[in-house]
Amino acid sequence: MRIGIVTSGLGIARQCLRKNTSVYRTCRRQVTGSGSPLDLNVDSKTGIAVLSMNKPPVNSLNLEFLTELNIALEKVENDKQCKGLIITSSIPKIFSAGLDITEMYQPDIDRLEEFWRTLQDMWIKLYGMNCVTIAAINGHSPAGGCLMSMSCDYRIMAPNYTIGLNETQLGIVAPFWFADVMLNTVGFRQTEMALQLGTLFKTEEALNIGLIDKVVPQEEVLSAAQQEMQRWFKIPGFARQLSKTELRRPTIEKLLKKKEEDIGYFRDYITKDAIQKSLGMYLESLKNRRK
Ligand SMILES: CCCCC/C=C/C(=O)SCCNC(=O)CCNC(=O)[C@H](O)C(C)(C)COP(=O)(O)OP(=O)(O)OC[C@H]1O[C@@H](n2cnc3c(N)ncnc32)[C@H](O)[C@@H]1OP(=O)(O)O
């Protein structure tokens, strides 16, 4: 991520005037540079940061991208002006395709371990963010994309997309902490069915089981997230934060206690011949889809 703090100067003010939407009307600090896979914009007036993933073709989470996500989350958490974070995507029709499968297929072992550690760190940060987090899900959100969405405080999604932990469809098993987050979100029965079947829920189905909180038309996802944020901002910050921490801490601590063990388990599991074969076939099927 190319990071350069652009303060609310004349250039940005002109952009604000040009883009005649409520989001852009107030001046923003742009915290990332052009060409970056992440656009982080902090609106100093509203206290809302918008983090938009922009890594073509599908916002897949590889080591470098996860590292940049970690830096961006750290920046938001350390920015005293930020009271809320909206995570969304700049890629049409895709929120995130989840983990980059090429990181797990025929991997270099050192990199594989680093990849997993960086994913753990990203999740620990996002799930434990003090500020209010809203996922503005404007595209498909399988597996790791679903984990990111579920780790926010609130989820708004556009119609006609899919979301879920579909790992079993790839012949792999969602780690215990992915499962824990789903359990915390939709309860045991929905989780045990969804995880075994690797269900990708359509938007409406996701709403029905409580995997997402609201459905709005595609073009309204971001403005709905901005609006929703106001409801959360009305609650005294300290009380809200403490409530969140109390509820989420046990889940985070469970991974913290087993971080290294989890990396070792992931490494040994993913490098098994049978798992490599499944991943290879899945990658091939993705490539052949358009043929
Ligand atoms: C203990 C082990 C635990 C591991 C936990 C794993 C968690 C995960 O997140 S695994 C990843 C699961 N993700 C998926 O199953 C999503 C797969 N992708 C799709 O279903 C689709 O690509 C889509 C719905 C996200 C988008 O569809 P579409 O717009 O039609 O784009 P394409 O399918 O044509 O894809 C374009 C391009 O991107 C490659 N690609 C897609 N997803 C991934 C991915 N997750 N990782 C790496 N690469 C991916 C796809 O192969 C195409 O590549 P090219 O053919 O080279 O253009």
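# A tour from a buried loop residue to the ligand shell

Start at Asn59, which counts as buried because 27 C-beta neighbours lie inside 10 Å; the cut-off for buried is 20 or more. The model you have open is predicted.

**Stop 1: the loop between S3 and H3**

Stay on Asn59. This residue sits in the loop between S3 and H3. Check its backbone: phi is near 55 degrees, a positive value in a residue other than glycine. Most residues other than glycine have a negative phi.

Now select Pro56 and Pro57. A cis peptide bond joins the pair, with omega about 0 degrees. Most peptide bonds are trans. Pro57 lies in the loop between strand S3 (48-53) and helix H3 (63-78). Asn59 is placed in the loop between S3 and H3 too.

**Stop 2: the loop between H4 and H5**

Go next to Gln106. Where is Gln106 found? Look in the loop between H4 and helix H5 (109-127). Phi of Gln106 is near 45 degrees, again positive in a residue other than glycine. Is Gln106 buried or exposed? Gln106 counts as exposed, because it has 10 C-beta neighbours inside 10 Å and the cut-off for exposed is 12 or fewer.

**Stop 3: the open sheet**

Colour the strands S5, S7, S9 and S10. These four form an open sheet in the order S5-S7-S9-S10, with mixed pairing. At the edges are strand S5 (93-94) and strand S10 (201-202), each of which pairs on one side only.

Zoom in on S7 and S9. Strand S9 covers residues 162-164 and runs parallel to S7, with two bridges joining them. Select Ser141 to find one contact: its bridge partner in S9 is Ile163. Strands of a sheet pair through backbone hydrogen bonds, either parallel or antiparallel.

**Stop 4: the ligand**

Finish at the ligand. How many residues surround the ligand? The count is 28, and the closest are Ala97, Gly98, Leu99, Ala143 and Gly144. Four elements give two or more residues to this shell: helix H4 (101-104), strand S7 (139-142), helix H12 (259-270) and helix H13 (273-288). Select H12 for the biggest share: it gives the most, three residues.

Last, colour the shell by residue type. It divides into 17 nonpolar, six polar and five charged residues.

Keep S7 selected before you leave. This strand gives residues to the shell around the ligand, and two bridges join it to S9 in the sheet.

Terms used. Residues are numbered from 1 along each chain as its sequence is written. This is a predicted model: local features need pLDDT of at least 70, side-chain atom pairs count only at pLDDT 80 or more; totals for chains, interfaces and linings use all residues. A residue is near a molecule or strand if its C-beta atom, placed from the backbone, lies within 6 Å of it. Ala, Val, Leu, Ile, Met, Phe, Trp, Tyr, Cys and Pro count as nonpolar, Asp, Glu, Lys and Arg as charged, and the others, Gly among them, as polar. Two strands pair if DSSP finds at least two bridges between them.
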